Amino acid sequence: EKLTCCQAFDLEAVKSLREDASRHVEISIDTYANPTSKGCVCDLLDMVILGATEVDLNFNVNVNTHSDGYLLHGIGGHQDTAAGAKLTVITAPLCRGPNPIIVEEVTTVTTPGECVDVVVTEAGVAVNPRRPELLAQLKGCPEIQLFPIEELCKRSARAAGRPYRKPKTTNRVVAVVQWRDGTVIDVVREVDRGECPCRAAGRTEPQLKKPRTGE
């Protein structure tokens with residue numbers, strides 16, 4: 001068996017690549033994720049497990065922004081692997097601090113819900129209604145607690161101590177979210193700092209240090 005590798009982000013992966021090179025096949029990003037290639041590795045995946053900053057009732061996933069609307073990072077291979085795999089599982093906690101993670105509508109759509117099959121939290125599992133055959137299979141597993149995504153949304157709000165409040169923004173677009181083929185599927189707008197949800201939750205916005213005179 002071989003492992004295909006295009007990027008290595010942790011030291012154990014780097015060590016394996018260095019010390020057990022015969023088991024690895026190094027590939028380009030193009031081979032890994034180009035949706036127009038018949039040899040796209042992402043389209044050959046049986047299963048992928050991914051994270052999220054938010055998941056909504058339509059199983060849309062956000063990884064681009066925090067719940068307060070501020071940019072977090074880029075997409076990476078989230079869309080590619082979610083769209084290509086036969087089974088896409090999203091894992092996330094019910095909340096992070098005062099921010100519920102399972103929400104009615106994500107702040108930013110990174111990966112559309114039609115690519116997501118299962119959402120796993122510490123409170124239970126929700127299966128996308130688009131996968132009735134998968135739901136039927138999991139109902140036969142007594143160790144798995146199944147809930148509608150709406151129930152996980154309610155539990156998420158209770159765990160956070162408050163319902164989700166979508167951040168208020170200005171009309172200024174600061175980033176564009178593109179699908180694998182370059183289609184624009186969402187935009188990120190500038191957060192209205194006077195309406196920052198972290199202030200409403202009793203927290204203070206992080207501030208950049210001002211340089212001293214002469215720096």
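## Valines outside, valines inside

Val 173, Val 176 and Val 184 make up a nonpolar surface patch, together showing about 240 Å² of accessible area. Keep in mind that this is a predicted model.

**Exercise 1.** Take Val 176 from the patch: which strand holds Val 176, and what stands opposite Val 176?

*Solution.*
- Start with the element: Val 176 sits in strand E12, residues 169–178.
- Next, find the partner strand. E12 runs antiparallel to E13 (residues 184–191), and six bridges join the two.
- Now look across: Val 176 faces Val 187 of E13.
- Finish at the turn. The E12–E13 hairpin has five residues between its strands, and Gly 182 there adopts a positive phi near 95°.

**Exercise 2.** Work out why Val 176 counts as partly exposed.

*Solution.*
- Get the value: the relative accessible area of Val 176 is 48%.
- Compare it with the cut-offs: buried means under 20%, exposed means over 50%, and partly exposed is in between.
- So Val 176, at 48%, is partly exposed.

**Exercise 3.** Head inside: how many residues does the largest nonpolar core have, and which element gives the largest share?

*Solution.*
- Count first: this core has 21 residues, and Val 55, Val 61, Ile 90, Ile 102 and Val 119 have the most contacts inside it.
- Strand E3 (47–50) and helix H5 (149–160) are the elements giving two or more residues to this core.
- H5 provides the largest share, three residues.
- Then check for a separate core: another one, of six residues, lies apart from it and includes Val 89, Val 127, Leu 134 and Leu 138.

How values were computed: Residues are numbered from 1 along each chain as its sequence is written. This is a predicted model: local features need pLDDT of at least 70, side-chain atom pairs count only at pLDDT 80 or more; totals for chains, interfaces and linings use all residues. Side-chain values use heavy atoms; hydrogens and water are left out. Patches are made of residues with over 30% relative accessible area and no salt bridge: like charges are joined within 9 Å, nonpolar side chains (Val, Leu, Ile, Met, Phe, Trp, Tyr) within 5 Å. Accessible areas come from the Shrake-Rupley method with a 1.4 Å probe; for residues, only the protein chains shown count as cover. A salt bridge is a side-chain nitrogen of Lys or Arg within 4 Å of a carboxyl oxygen of Asp or Glu. Helices (H or I, at least four residues) and strands (E, at least two) are DSSP runs, numbered from the N terminus. Buried means under 20% relative accessible area, exposed over 50%, partly exposed in between (1.4 Å probe, protein chains only). Two strands pair if DSSP finds at least two bridges between them. A nonpolar core is a set of buried Ala, Val, Leu, Ile, Met, Phe, Trp, Tyr and Cys residues joined through side-chain atoms within 4.5 Å.
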